[in-house]
Amino acid sequence: LATKCAPAVTGTLDMVDERSVDDLSGELEKKMKTLMNIKIDIAITGVSGAGKSSLINALRGMSDDDEEHSAKTGPIQTTIDPKPYPYPPFPTLILWDLPGIGTPDFKPEKYLEMVKLERYDFFIIVAGERFTVNDTTLAQEIKKMGKKFYYVRTKVDGSLACESKKKKFKEEETLQEIRRYCEESLKEAGEQSPRVFLISRWDTDKYDFPLLVETFEEEQDDIKRDALIMFLPILTKDGLRRKQETMEKYIRGAALVSCGIGCIPLPGLSLACDTAILVSMMTYIHKVFGLDKKSLHILANRFDKPVEDFKSVIENCPTTTEITEQFVKRLLRSSVIGVTTITELALQNVPVLGSLFGGVNSFLTTFYMLKKFLNDVVRDAENVLAKLAGQELQGQNHPGQNRGGTLTGTSETEPWQPQMRTLELE
Ligand SMILES: Nc1nc2c(ncn2[C@@H]2O[C@H](COP(=O)(O)OP(=O)(O)O)[C@@H](O)[C@H]2O)c(=O)[nH]1
Ligand SMILES: [Mg+2]
């Protein structure tokens, strides 16, 4: 069966050889539920003023002045207790603000007892200038537990701005110097093979910021890697692609779950699929790509603009509240995903149908619907990203710069209409 399917379908059906469809779909369903609800705790630590709170906001794509959600930055009293900052669209992802191990009033032993290192998945050790023996001591403890840590030097924008006044200034050389300086400080403090990420809280698409995110995502185990890719906001085009690729994998999974559930005929349609799976997957995809209400509010806050300004570039997708069972049924009835398409796909790709027909039919319908929906969502997420780039060019997320500026686009949003385009099962 597997070898006779279209390549995209084969990816999932390959596995059918080994076990029954029922077993497999049960397993996938469990995996998808885990993925949607998994808890991830990221610890951000460093001395007061290093830039911890700023990084927590930056990773969540948030301004420092988001009244409701942001971590307060600047000269404020630091508390001794670790403080959790959930990411509002996916609150099981928590960024923790940990006091630095060198904080006065703390003996290192007491520190380790207080912060309970084992509760975190990985650690980001932040320094605004150089690292000290406190940082490497902590890293040793983390290493002992078999967990990952990342040394991050923040505020490189500031350092570059200072150096740029010099006649012979070259950005790349200055960055090299900062890197060398940080690595040396780490070696002096006993770190054998220091690796430092140079970042600016204000430039999440520059310097080592994208590499930092990609590295800590890739270094997690399978499911946490995928969850991090899904949960974190889109900061770069590459980040968007990674989300798309990961989501495609899970769409195949969802389609197979639907296939396992079997043939649930829809009144008036000879199509079969589980509409509940479609609704929950579409709602999830929508949120993963930042098109839900909470994500849009965070964005709007970041630029001090009405949320309608961002909604106006969302042209292909419905709003979250519009994704209902009725919506899905309407979509299924629309000619583009008609019976002929699905039956033909099934006949072309799976010549030996036998008793699996219901399942294959359901698999293809679900796969087709979700793939099409994902394409629409990605196009809208690209529009939002382009809009953001426009905003950033106007310098609106840097502090102390002009927060005015004009925006184009209307605040009217039309209700979503299914786009009558064909989609290839490539
Ligand atoms: N220019 C610049 N300033 C930063 C950066 N990160 C933090 N800051 C500033 O450094 C100060 C301390 O940052 P904060 O996040 O409060 O440090 P924390 O005490 O470690 O939480 C604040 O005024 C921030 O705005 C950065 O990447 N670039
Ligand atoms: Mg802070």
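The shell around ligand 1 in this predicted model divides into two nonpolar, eleven polar and four charged residues. In total, 17 residues surround ligand 1, and the closest are G51, S53, S54, T73 and R201. Two helices, α3 and α6 (156-163), each supply at least two residues of this shell. The largest share comes from α3, which gives three residues.

Helix α3 therefore deserves a closer look, as the largest contributor to the shell around ligand 1. The helix spans residues 52-59 and is mostly covered, with eight of its eight residues buried. These buried residues are K52, S53, S54, L55, I56, N57, A58 and L59. S53 and S54 thus appear in two settings: they are listed among the buried residues of α3, and they are also among the residues closest to ligand 1. The cover over the buried residues of α3 includes four strands, namely β1 (40-46), β2 (83-87), β3 (90-99) and β4 (122-127). After the helix comes G61, a residue with a positive phi near 60°.

The strands that help to cover α3 lead to the sheet. β1, β2, β3 and β4 belong to an open sheet of six strands, arranged in the order β2-β3-β1-β4-β5-β6 with mixed pairing. The edge strands are β2 and β6 (196-198), each of which pairs on one side only. On average, neighbouring strands of this sheet are turned by 25° against each other, direction ignored.

The individual pairings show how the mixed character of the sheet arises. At the β2 edge, β2 and β3 pair in the antiparallel sense over five bridges, and K83 stands opposite D97 in β3. A hairpin joins β2 to β3 through two residues. On the next step along the strand order, β1 and β3 pair in the parallel sense over seven bridges, with I42 opposite L95 in β3. The pairing of β1 with β4 is parallel as well and runs over four bridges; here A43 stands opposite F123 in β4. Strand β3 has β2 and β1 as its neighbours in the strand order. Seven of the ten residues of β3 are buried, so this strand is largely enclosed by the rest of the structure.

The sheet and α3 are parts of a chain that contains 16 helices and six strands. Of its 426 residues, 39% count as buried. Contacts across the chain can also be viewed by sequence separation: among those with a separation of 6 or more, 73% are accounted for by residues 24 or more positions apart.

Beyond the sheet, one helix pair may be followed in detail. The axes of helix α11 (residues 275-288) and helix α14 (residues 325-333) come within 9 Å and cross at roughly 110°. That crossing angle makes α11 roughly perpendicular to α14, because angles of 65 to 115 degrees fall in that class. On the α11 side the contact is made by T275, L278 and V279, and on the α14 side by E325, V328 and K329. By class, the contact of α11 with α14 has three nonpolar, one polar and two charged residues.

The backbone offers two further points of interest. Most residues other than glycine have a negative phi. Y207, although not a glycine, has a positive phi of about 50°. This residue lies in the loop between β6 and α8 (209-218), the strand β6 being one of the two edge strands of the sheet. Y207 is buried, because 20 other C-beta atoms lie within 10 Å and 20 or more is the criterion for that class.

The second such residue is D304, which has a positive phi of about 55° and is likewise not a glycine. D304 is placed in the loop between α12 (293-303) and α13 (308-311). Is D304 buried or partly exposed? With 14 other C-beta atoms within 10 Å, D304 is partly exposed, because a buried residue would need 20 or more and an exposed one 12 or fewer.

Technical notes
Residues numbered from 1 in each chain as written. Chains lettered and ligands numbered in written order. Predicted model: local features only at pLDDT ≥ 70, side-chain atom pairs only at ≥ 80, totals over all residues. Contact = placed C-beta atoms within 7 Å. Pairing = 2+ DSSP bridges. Axes fitted to C-alpha atoms, helices over the stretch in contact; angles between N-to-C directions. Near = placed C-beta within 6 Å. Nonpolar A, V, L, I, M, F, W, Y, C, P; charged D, E, K, R; others polar. Parallel < 35°, antiparallel > 145°, perpendicular 65-115°, else oblique.
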